Amino acid sequence: MRWGIVQFPGSLDDRDAWYALCRVMGAEATLLWHRQRELGGVQCVVLPGGFSYGDYLRCGAIARFAPIMESVTRFAAQGGLVLGICNGFQILCESGLLPGALVRNQGLSFICERVWLRVENAQTPFTGLGRPGELWRLPIKHGEGRYVVSGAELARLEQRGQIVLRYVDSAGRAGPDANPNGSLNSIAGVCNERFNVFGLMPHPEHAVEKLLGGEDGLKLFRSIEAHLA
Amino acid sequence: MLVKVFITPKEEILDPAGRAVAQALRSLGLEQVESVKVGKYLVLRLEVASPAQALQAAAKACEQLLANPLTEDYRYEVEPE
């Protein structure tokens with residue numbers, strides 16, 4: 001399979017994603033410049049972390065208007081797999097490809113730390129190699145990661161299993177002490193209704209080797225690979 | 001024509017920045033401060049023939065880019081230069 005990694009002005013983790021996919025996993029990945037209109041036949045599009053367009057106005061608000069986003073939206077509508085990490089998650093919410101929005105962390109601080117996540121739904125293309133309830137250890141690094149959504153939509157997301165990852169403590173319990181940014185229901189990652197678009201605040205591409213402090217991020221990328229195989 | 005746009009976090013969205021500023025104002029001795037909302041203020045200069053056209057442009061700008069309807073409220077004023 002071939003991966004496509006979108007580069008916006010201000011993207012930071014595009015090359016980390018490329019390193020994880022190509023160097024660590026031995027996959028094939030292309031960098032896609034934001035002005036491009038073609039995705040070049042890739043099977044999964046990654047919107048990486050960073051500060052696209054300086055995060056001016058709101059995180060992800062301006063990236064939504066990049067020429068390549070038209071293609072990404074079309075690709076998603078056709079059932080193509082789209083993964084948004086951190087700023088990519090914010091872009092997907094701003095584009096309307098995912099429900100909800102990401103606002104300033106409850107504690108106002110930028111948070112850079114390793115967190116525990118619980119796999120809530122292991123039947124998605126993004127988590128298929130995980131088990132339900134499995135704990136993943138991934139880093140987060142964001143100032144605007146508090147997931148919010150209307151009450152009615154939140155109930156629908158929970159009911160349909162669209163909450164894929166939740167912040168928990170090392171024993172797998174969710175709660176205010178294990179919720180780094182104040183996200184509603186400790187939500188760390190959500191899928192769209194069709195389960196082909198996934199956004200998460202934690203960074204799987206920063207957890208792909210023991211040297212980086214863990215390899216749990218590979219489970220996510222390998223799940224996608226397995227799903228498409 | 002000038003369009004002045006005011007954007008604030010929605011009532012139901014926790015505004016930690018507003019809360020921190022409110023606390024600081026109380027520390028300043030302004031104990032009558034009940035709450036603060038921290039938002040954005042934008043001034044758009046438009047080349048249009050009428051205030052109606054400016055209002056139309058302002059509505060589109062707010063709905064489609066300047067504010068996120070899930071998390072923010074907005075209002076705007078049109079003012080001749």
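**Exercise 1. Find which residue of β2(B) stands opposite L2(B), then describe how strand β1 of chain B and β2(B) pair.**

Step 1. Opposite L2(B), in β2(B), stands R45(B). Strands here are DSSP runs of E with at least two residues, and helices are runs of H or I with at least four, both numbered from the N terminus.

Step 2. Move along to K4(B): its partner in β2(B) is V43(B).

Step 3. Strand β1 covers residues 2-9 of chain B, and its pairing with β2(B) is antiparallel, over six bridges. Two strands count as paired if DSSP finds at least two bridges between them.

A word on the model before going on: it is predicted, so local features need pLDDT of at least 70 and side-chain atom pairs count only at pLDDT 80 or more, while totals for chains, interfaces and linings use all residues. Residues are numbered from 1 along each chain as its sequence is written, and chains are lettered from A and ligands numbered from 1 in the order in which they are written.

**Exercise 2. Work out the strand order of the open sheet in chain B and what packs on the sheet.**

Step 1. Follow chain B from its N terminus: the elements run β-α-β-α-β, giving two helices and three strands.

Step 2. In the open sheet, the three strands take the order β2-β1-β3, with antiparallel pairing. The edge strands, each pairing on one side only, are β2 (40-45) and β3 (72-79) of chain B.

Step 3. From one strand to the next, the twist averages 20°. Angles run from 0 to 180 degrees between N-to-C directions, with axes fitted to C-alpha atoms, for helices over the stretch in contact.

Step 4. Helix α2 of chain B (residues 51-66) packs on this sheet and touches β1, β2 and β3 of chain B, with its direction at about 160° to that of β3(B). Contact means that C-beta atoms, placed from the backbone, lie within 7 Å.

**Exercise 3. Is β2(B) largely in the open or buried?**

Step 1. Apply the cut-offs: a residue is buried if 20 or more other C-beta atoms lie within 10 Å of its own, exposed if 12 or fewer, and partly exposed in between, with C-beta atoms placed from the backbone.

Step 2. Of the six residues of β2(B), zero are buried, so this strand lies largely in the open.

Step 3. Now take chain B as a whole: buried residues make up 16% of its 81 residues.

Conventions: Contact = placed C-beta atoms within 7 Å.
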